[in-house]
Structures are given as structure tokens and as C-alpha cells.
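Hi everyone, thanks for making time this morning. I'd like to walk you through one model, so let me put it up on the screen.

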Amino acid sequence: MKIRWLLFATLLIGLFVVIPSDYVQAQEGAEEAIKEEIDGRTDLATKKGLSYLASKQDMRTGCWRGGPTIVATSQAALAFMANGHAPGRGKYGNRVKKAVEYILSKSRPDGYITDNSKMYSHGFATLFLAEVYGMCQDKELNNKIKFKLARAIKLIVRTQGDFGG
């Protein structure tokens with residue numbers, strides 16, 4: 001039980017810690033190095049991939065179909081985010097925002113994020129919310145993410161067995 005609460009406290013602290021400026025500068029240097037490694041073919045393939053993903057999103061609901069929709073939606077939105085798109089930012093920012101709204105709509109009061117799927121889906125949704133938390137320019141949406149993310153993490157801690165899993 002103590003291990004679960006230690007894990008929970010560590011995760012929550014990690015969500016709210018301010019990143020030191022040295023780390024931010026190191027990240028910016030790494031991004032520049034990566035840009036030098038990406039040739040025109042890689043850039044074109046990435047753009048085509050994102051365009052394809054965008055064409056498969058249901059903009060009415062914000063989700064992607066093809067298997068468990070929570071997993072598909074979380075992974076597709078993470079692909080956009082890995083390329084600099086976030087709610088309110090980038091060509092596909094609105095698509096990421098719709099994905100956030102979809103995932104939030106699937107969060108139950110107990111913190112379980114589900115569309116009648118398993119913890120597998122909950123895990124991907126929690127990862128997605130953790131990644132997008134703080135990246136929204138919309139403060140109201142960011143507060144919703146923070147609230148539901150904290151509940152999702154608490155659920156993970158609560159449901160973990162004494163020996164893991």
C-alpha cells in the first residue's frame with residue numbers, strides 16, 4: 001500500500017514541477033540536431049502520414065476508429081503532438097483539441113477512461129492526457145485535463161495489485 005501511494009505522489013509531483021530553464025535549453029538544442037537529420041523524403045513522408053491520420057478522424061466526435069477508439073485516438077493525437085501540433089497550435093492543433101475533448105468525454109467519475117474497453121485503453125488515454133497537459137492555450141480545457149488526469153492516475157494506483165500489475 002505504501003508503494004502505491006509513493007508512486008501516486010511521485011506521479012503527481014511530476015505533473016506539477018516546473019521544468020528548469022537548463023533542461024528547456026538542452027531540449028531546444030536536441031530539436032535543432034534532429035531537424036538537421038531529417039531529410040526531405042523523411043519530412044514529406046511525415047507530412048503525408050499526418051495528412052492521412054487527419055483524414056481518418058471523425059471531427060464530429062473527435063475520435064479515430066479502428067480498434068479500441070480510445071487507444072486509436074490517443075496514439076493518433078500523440079503522433080500530431082510529436083510533430084509540434086497541440087491544442088491551439090499548429091496546422092493540426094484543432095484535431096488534437098477534438099481528440100482531447102473526446103478522451104475527456106470518456107472519463108468516468110471514478111477516473112476510469114473507457115469506451116467499454118480494458119485498462120489497456122485507460123493507460124494510453126492517461127499517457128495522452130499527461131503529454132497534452134499544460135500544452136493547451138485554453139486555460140479552461142487545461143484545467144479539465146488536469147482534473148481528469150489526476151483522477152485517472154489515482155485509479156491506476158488504486159487498482160494496482162500488491163505485487164504490481
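Let me start at one residue, Q57. Leaving out residues up to four places away in sequence, Q57 touches G62, C63, W64, R95, K98 and A99. Before I go on, please keep in mind that this is a predicted model.

So where does Q57 sit? It lies in the loop between helix 3 and helix 4. Is Q57 buried or exposed? Its relative accessibility is 7%, and because buried means under 20%, Q57 counts as buried. One of the residues Q57 touches is R95. Q57 and R95 are 38 residues apart in sequence, yet their C-alpha atoms are 7.9 Å apart in space.

Now let's step back to the whole chain. How many helices and strands does the protein have? There are 7 helices and 0 strands, and along the sequence the pattern reads α-α-α-α-α-α-α. The protein has 165 residues, of which 36% count as buried. If you take the contacts between residues at least 6 apart in sequence, 65% of them join residues at least 24 apart.

Next, the inside. The largest nonpolar core holds 31 residues, and the members that touch the most others are I103, F128, L129, V132 and I145. At least two residues of this core come from each of helix 3 (40-56), helix 4 (69-82), helix 5, helix 6 and helix 7 (139-159). Which helix gives the most? That would be helix 4, with 7 residues.

Let me pick out L129 for a moment. Setting aside neighbours within four places in sequence, L129 is in contact with I103, L104, I113, I145 and L149. Both I103 and I145 were on that list of core residues touching the most other members.

That brings me to helix 5 and its partners, and I'll take helix 6 to begin with. The axes of helix 5 and helix 6 are 11 Å apart, and the two pack at an angle of about 130°. The two helices are therefore oblique to each other, and helix 5 passes helix 6 in a left-handed crossing. On the helix 5 side we have V96, A99, V100, I103 and L104, and these meet A125, F128, L129 and V132 in helix 6. What kinds of residues make up this contact? They divide into 9 nonpolar, no polar and no charged.

Now turn to helix 7. Its axis and that of helix 5 come within 11 Å and cross at roughly 40°. Helix 5 and helix 7 are therefore oblique to each other, and here too the crossing is left-handed. Helix 5 contributes K97, V100, E101 and L104 to the contact, while helix 7 contributes L141, K144, I145 and K148. This contact divides into 4 nonpolar, no polar and 4 charged residues. If you are following along on the screen, V100 and L104 are worth clicking on: they take part in the contact with helix 6 and also in the contact with helix 7.

Last stop, the loop between helix 5 (93-105) and helix 6 (119-132), where we find S107. N116 is in the loop between those helices as well. Which of these is buried, and which is exposed? S107 counts as buried, at 12% relative accessibility. N116, on the other hand, is exposed, with a relative accessible area of 81%. N116 also has a positive phi of about 70°, although it is not a glycine.

What does S107 contact? Leaving aside neighbours within four places in sequence, the residues are Y112, I113, K148 and R151. You have met two of those already: I113 is in contact with L129, and K148 belongs to the helix 7 side of the contact with helix 5. As for distance, the C-alpha atoms of S107 and A125 are separated by 9.4 Å, with their positions 18 residues apart along the chain.

That's my tour. Thanks for listening, and I'm happy to go back to any part of it.

Methods: Residues numbered from 1 in each chain as written. Predicted model: local features only at pLDDT ≥ 70, side-chain atom pairs only at ≥ 80, totals over all residues. Heavy atoms only, no water. Helix = DSSP H or I, 4+ residues; strand = E, 2+ residues; numbered from the N terminus. Buried < 20%, exposed > 50% of the residue type's maximum accessible area, 1.4 Å probe, protein only. Contact = heavy atoms within 4.5 Å. Core = buried A, V, L, I, M, F, W, Y, C linked by side-chain atoms within 4.5 Å. Axes fitted to C-alpha atoms, helices over the stretch in contact; angles between N-to-C directions. Parallel < 35°, antiparallel > 145°, perpendicular 65-115°, else oblique. Left-handed = near helix turned anticlockwise from the far one by under 90°. Nonpolar A, V, L, I, M, F, W, Y, C, P; charged D, E, K, R; others polar.
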